[in-house]
Amino acid sequence: MGCGRLPACFVALLLVAGALAVPAAAREYAAIFNFGDSLVDAGNLVVDGIPDYLATARLPYGMTYFGYPTGRCSDGRLVVDFIAQELGLPLLPPSKAKNATFHRGANFAITGATSLDTPFFVARGLGKTVWNSGSLHTQIKWFQDLKPKICGSSSPEECRSLFRRSLFIVGEFGGNDYNSPLFAFRPLAEAHDFVPHVVDSIGEGVEKLIAEGAVELVVPGVLPIGCFPVYLSIFRKQQPEGYGARSGCIKEMNTLSWVHNVALQRKIAELRAKHPGVRIIYADYYTPAIQFVLHAEKYGFLKQKPRACCGAPGVGEYNFNLTSKCGEPGAYACDDPSNHWSWDGIHLTEASYGHIARGWLYGPFADPPILDTKHLG
């Protein structure tokens, strides 16, 4: 899925996409319904008040676009925000927001979310290492409970019709599932053992949404976690062979992400065959993040080893310190987040999310792109 192999006709399409995307998309999608974890949480975790321990709800979070913290784990907008804006839709309100209107969509994502429900982790002695505020299946239950507010006085068939004209974004899920054994310092093989369970659970979630009427679904894979300062700081390798020679990323961690993404794409292929009238898009977080590291200048980023914009000096050169994370005393933000791809060592900057969103909408970071030729022509 490299950037350099776009067919000429697709390049031509990109040139006119600016003129076509918003009106075509505005006709195409009546609403967006988003599910996920802290990569796409727009404030569900802070709707009922901000816990004292929650650094992500303090400045400099939100500094770039909103000018104040919104509960998003970034300096500004997230992928789902860019997608909504490009499709001519409002930013999605957090599903738990009071007095919000949900006719044009809702964001059910919440920080800490997993694909699997909590009993899976408890049964493996990992109940304390998973902070599960709302798994994928819990979020789908929230969606089902919110249907009266989404659909108003519409009939059940009119409600299904709305969902058939909507875009559903399901994830990413999996990152927090794998964090559970990883941050408990269990063997890496245990995280690999989780992969089929995590992917099957995502597949079940997709099918629940199809049963509700969804016919356009975006299912993202996971990020290359071995490139992120939080993992680089905690899981230091004694031997240089443990790191990518060009990237500086931890190879075995990225392999885990890659294995998940391959399994997820296989699951999506199964679901496409089973539901031929449904369009299921695989959205790629992995490739763009790797490109941000290897080809930083192409995206306007500083050429450097993975480094958080917002953090404090810690182990190594990653500007990540577990005792002084972004938003906590002693941490600071870099002068210009737009030239960093990593925001806080765990999440990405608005600039990164903008590049990823464009790659999902128009290619090359989605299979097929959300606004592919069928949708634009």
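In the predicted model, the mean positions of the 34 positive and 34 negative charges of the protein chain lie 2 Å apart. The chain exposes about 15,100 Å² of surface, of which carbon and sulfur atoms supply 57%. Of its 377 residues, 59% count as buried.

The overall dimensions were examined next. The C-alpha atoms fill a box of roughly 60 × 50 × 40 Å along the principal axes. For 377 residues, a compact globule would be expected to have a radius of gyration near 21 Å, and the value of 20 Å found for the protein chain therefore agrees with such a form. The secondary structure of the chain comprises twelve helices and eight strands. Among contacts with a separation of 6 or more, 70% join residues that are 24 or more positions apart.

The interior of the protein chain was then considered. In soluble globular proteins, nonpolar side chains tend to be buried together. In this model, the largest nonpolar core holds 108 residues, and the members that touch the most others are F33, I83, I150, L217, W360 and I370. Helix α7, spanning residues 188-211, gives the most to this core, with nine residues. Another core, of six residues, lies apart from the largest one and includes Y61, C309, C310 and W343. When residues up to four places away in sequence are not counted, the contacts of F33 include the phenylalanines F102, F108, F143, F163 and F168. F33 also touches G105, A106, I150, S166, L167 and I169 under the same exclusion.

Helix α2 illustrates how a single element is covered. Six of the eight residues of α2 are buried, and the helix is thus described as mostly covered. The buried residues are V79, V80, D81, F82, I83 and A84. I83 is also one of the residues that touch the most other members of the largest core. The elements covering the buried part of α2 include the strands β1, β2 (105-107) and β3, together with helix α11. Just after α2, G88 adopts a positive phi of about 75°.

Two cis peptide bonds were identified. The bond from L59 to P60 is cis, with omega near 15°, and P60 is placed in the loop between β1 (32-35) and α2 (79-86). The bond from G171 to E172 is also cis, with omega near 20°; E172 belongs to the loop between β3 (167-170) and α6 (175-182).

Positive phi values also occur in residues other than glycine. Phi of F185 is near 60°, and this residue is located in the loop between α6 and α7. F185 counts as exposed because its relative accessibility is 57%, above the cut-off of 50%. N319, which is not a glycine either, has a positive phi of about 55°. N319 occupies the loop between β6 (310-311) and β7 (332-333). With a relative accessible area of 4%, N319 is buried.

The loop between β6 and β7 also holds C326. C326 is buried, with a relative accessible area of 2%. A separation of 14 residues in sequence divides C326 from A312, and their C-alpha atoms are 7.6 Å apart in space. Leaving aside residues up to four places away in sequence, C326 touches A55, P60, Y61, C310, G311, A331, W343 and D344. These contacts link C326 to several residues described above: P60 follows the cis peptide bond from L59, whereas Y61, C310 and W343 are among the members of the six-residue core.

A further loop, between β7 and α11 (350-362), contains N339. The relative accessible area of N339 is 19%, so this residue counts as buried, the limit being under 20%. N339 touches G300, F301 and L302, with residues up to four places away in sequence not counted.

Methods: Residues numbered from 1 in each chain as written. Predicted model: local features only at pLDDT ≥ 70, side-chain atom pairs only at ≥ 80, totals over all residues. Heavy atoms only, no water. Helix = DSSP H or I, 4+ residues; strand = E, 2+ residues; numbered from the N terminus. Rg over C-alpha atoms; globule rule 2.2 N^0.38 Å. Buried < 20%, exposed > 50% of the residue type's maximum accessible area, 1.4 Å probe, protein only. Contact = heavy atoms within 4.5 Å. Areas by Shrake-Rupley, 256 points an atom, 1.4 Å probe, with all protein chains shown as cover. Lys, Arg positive; Asp, Glu negative; His and termini not counted. Charge placed at Lys NZ, Arg CZ, Asp CG, Glu CD. Core = buried A, V, L, I, M, F, W, Y, C linked by side-chain atoms within 4.5 Å.
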